[in-house]
Amino acid sequence: MKRVLVANRGEIALRIIRTLREMGIESVALFSDADAKSTHVRLADYAYHLPGVTSQETYLQIPKVIRAIQDSGADGVHPGYGFLSENAHFAEAIACETRAKFIGPSPKAIELMGDKVQARNLVQAAGVPVVPGVTHGLDSVEDLRGFIQAVGYPVILKAACGGGGRGMRVLRSDGDVAPAYEACRREALAYFGDDKIFCERYIDKPRHIEVQVLFDEHGHGVHLFERDCSIQRRHQKLFEEAPSAFLNHEQRMRLGELAVKVASAVNYAGAGTIEFICESPEKVYFMEMNTRIQVEHPVTEMITGVDLIREQIRVASGEPLGFGQKDISLKGWAMEARINAEDPKNDFAPGPGVVSRLRLPSGPFCRVDSHLYQGYEIPQYYDSMVAKLIVWAPDRNVARSRMLRALSEMELAGVPSTIGFHEALLGHPNFQNSTFDTGFLARESEYFQKTLQGVDHLTPELAMVGGLRATHGRRG
Ligand code: ADP
Ligand code: ADP
Ligand code: MG
């Protein structure tokens with residue numbers, strides 16, 4: 001490949017552009033009216049304007065993006081995450097209407113895994129455990145009631161084509177069933193353009209553990225160990241680490257093998273993630289597969305030394321992997337904190353605005369993936385995640401201290417942020433001894449409210465006004 005169009009924005013567009021430059025490949029950025037001054041546009045070799053501001057008008061408009069690919073003469077397209085990254089029609093249109101290669105799996109694999117009901121059936125047939133659930137889309141409330149009678153409460157209702165943690169509903173009693181069924185269907189149609197919904201047993205207090213896989217177009221593939229993404233709010237990830245302290249070596253290897261089995265079952269090519277819901281280290285169930293690069297991919301890069309974007313591009317160019325499972329080793333511990341322009345004191349409400357002051361952390365084993373700069377205006381139209389803070393260390397304890405140190409260096413003024421929330425999280429005893437589950441944040445909301453109350457994230461400079469020593473003491 002000589003020129004790749006990046007069909008995305010923000011930090012992930014920048015992340016991809018960086019690897020393209022390292023590989024000597026030209027980059028083409030896309031930008032909406034609201035993103036004209038974004039860093040991903042400045043650092044790309046070329047930029048292509050998509051008139052409009054909303055995602056619908058711009059980054060999600062397949063005909064406009066296809067036109068951009070044709071006009072720019074790109075011979076590759078990287079979709080990033082979100083937007084069109086898991087849209088089989090987009091991958092198909094690129095194949096039919098442009099001379100560019102889609103950097104991702106085949107439209108067929110995207111489609112198979114894009115429908116969670118289909119994916120569950122396929123994976124189960126391949127001998128991988130799935131959460132007990134229906135094997136078809138629900139077509140009536142009676143259908144749902146029948147399933148509940150068979151497995152009991154609680155259950156979770158989901159959109160078959162859903163994503164981003166949206167539109168799911170947990171049912172715990174009969175009174176909820178009919179209204180939840182109707183609402184879930186409506187939302188599925190509104191968010192994902194398809195009202196197919198399904199339901200499965202709701203696992204109480206599980207860990208969300210996912211496995212990174214990488215396959216070439218010649219049938220060879222590996223896993224790159226797991227990421228623990230159990231720190232979530234409203235079914236959305238906020239903090240990730242690799243490896244997971246929940247698993248020992250044997251359990252880790254078994255999960256990896258299950259993930260490879262899932263990918264092989266769909267003749268997968270490219271980078272992908274198999275998400276498991278874990279009731280215990282032995283009781284693990286396939287939940288879904290994401291057929292794209294993920295937000296939290298850097299923690300895997302840190303513990304394996306593999307540049308996943310580079311591998312995606314190599315594999316899409318038809319090259320063989322060049323390494324086998326035994327060549328991949330796990331070293332140390334990595335953590336990632338998602339810095340969102342959201343107010344954790346107000347139920348994580350988004351707070352777009354102008355970044356009036358910015359200092360990004362650095363120092364030993366610290367990586368920041370972000371398109372932010374001082375004076376940048378965070379648009380209201382897109383996702384509120386504006387930076388990812390990633391650290392590596394030889395072990396989990398040092399990684400935790402390093403993350404706290406990095407958070408204490410970071411200054412982001414003008415908008416609310418999750419920096420203080422992450423500091424509170426890392427100070428919680430259950431985080432320290434790794435006894436948490438996906439319901440942890442919701443159950444501990446009082447702790448977080450209390451810890452965040454009045455104590456805004458204080459940076460060393462601001463602290464000096466009131467006495468450097470005292471403030472460092474307060475931060476503990
Ligand atoms: P990851 O699985 O990589 O952690 P997230 O679930 O955090 O990804 O989603 C990353 C981004 O992609 C978010 O902006 C999210 O809203 C968006 N996203 C993911 N899946 C979908 C989908 N099916 N439809 C719309 N947006 C999605
Ligand atoms: P999305 O496509 O939106 O990422 P997922 O199916 O991956 O949806 O689920 C997102 C999150 O919802 C999971 O990480 C987990 O916290 C929760 N969840 C989903 N299914 C279950 C389940 N069967 N039991 C318990 N929690 C679940
Ligand atoms: Mg998921």
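In this predicted model, Glu275 is buried, with just 5% relative accessible area. That makes Glu275 a handy place to start, since this residue turns up both at a metal and among the salt bridges. The magnesium ion (ligand 3) takes its protein donors from Glu275 (OE) and Glu288 (OE), which sit 1.9 to 2.1 Å from the ion. Glu275 belongs to strand β12 (residues 270-278) and Glu288 to strand β13 (residues 284-290), so the pair ties together parts that are 13 residues apart in sequence. Glu288 also counts as buried, at 14% relative accessibility.

Glu275 is also part of a network of salt bridges, whose other members are Glu210, Arg227, Lys237, Glu240, Glu296 and Arg338. One of these, Glu210, comes from strand β9, and is buried there.

Strand β9 is well wrapped up: nine of its nine residues are buried. On one side point Arg207, Ile209, Val211, Val213 and Phe215, and on the other His208, Glu210, Gln212 and Leu214. The strand has partners in both β12 and β10. With β12, the pairing is antiparallel and runs to nine bridges, and here Val211 faces Ile274. With β10, the pairing is again antiparallel, over six bridges, and Val213 is found opposite His223. β9 and β10 make a hairpin with five residues between them, and in the turn Gly219 takes a positive phi of about 85°.

What does the loop of this hairpin hold on to? Glu217 makes a salt bridge with Lys101, at 2.6 Å from N to O. Glu217 lies in the loop between β9 (207-215) and β10 (221-233), while Lys101 is in strand β5 (residues 101-102), so this link spans parts 116 residues apart in sequence. Neither end is hidden away: Glu217 is partly exposed, with a relative accessible area of 40%, and Lys101 is likewise partly exposed, at 32%.

Other salt bridges sit under cover. Arg120 and Glu200 come together at 2.9 Å, N to O. Arg120 is in helix α6 (residues 116-125) and Glu200 in strand β8 (residues 197-201), so the bridge joins parts that lie 80 residues apart in sequence. Buried or exposed, where do these two side chains stand? Arg120 is buried, its relative accessible area being 2%, and Glu200 is buried too, at 3%.

Strand β10 has a salt bridge of its own to a helix, between Glu226 and Arg252, with the closest N and O atoms 2.8 Å apart. Glu226 is in β10 and Arg252 in helix α9 (residues 249-265), so the pair connects parts that are 26 residues apart in sequence. Both residues are buried. Over the whole structure, the search turns up 36 salt bridges.

Arg338, already met as a member of the salt-bridge network, also has a link through its backbone. The backbone oxygen of Arg338 lies 2.9 Å from a polar atom of the Thr418 side chain. Thr418 is in the loop between β22 (411-413) and α13 (419-427), yet is buried, with a relative accessible area of 0%. Neighbours within four places in sequence aside, the contacts of Thr418 are Arg338, Ile339, Asn340, Glu342, Pro344 and Phe348.

Disulfides are another matter: a search of the whole structure finds zero of them. Cys184, for instance, is in no disulfide, and its nearest cysteine sulfur, that of Cys199, is 9.6 Å away. Why does Cys199 not bond to Cys184? The sulfur of Cys184 is the closest cysteine sulfur to that of Cys199, but at 9.6 Å the distance is too far for a bond; the cut-off for a disulfide is 2.5 Å. Both cysteines are tucked inside, Cys184 counting as buried at 1% relative accessibility and Cys199 at 0%.

Definitions and conventions: Residues are numbered from 1 along each chain as its sequence is written. Chains are lettered from A and ligands numbered from 1 in the order in which they are written. This is a predicted model: local features need pLDDT of at least 70, side-chain atom pairs count only at pLDDT 80 or more; totals for chains, interfaces and linings use all residues. Side-chain values use heavy atoms; hydrogens and water are left out. A salt bridge is a side-chain nitrogen of Lys or Arg within 4 Å of a carboxyl oxygen of Asp or Glu. Helices (H or I, at least four residues) and strands (E, at least two) are DSSP runs, numbered from the N terminus. Buried means under 20% relative accessible area, exposed over 50%, partly exposed in between (1.4 Å probe, protein chains only). Donors are N, O and S atoms within 2.8 Å of the metal (3.2 Å for Na, K and Ca); water is not among the atoms, so sites may look incomplete. Two strands pair if DSSP finds at least two bridges between them. A polar contact is a pair of N or O atoms within 3.5 Å; within protein, one must be able to donate a hydrogen and the other to accept it, and residues adjacent in sequence count only if both atoms are side-chain atoms. Contact means heavy atoms within 4.5 Å.
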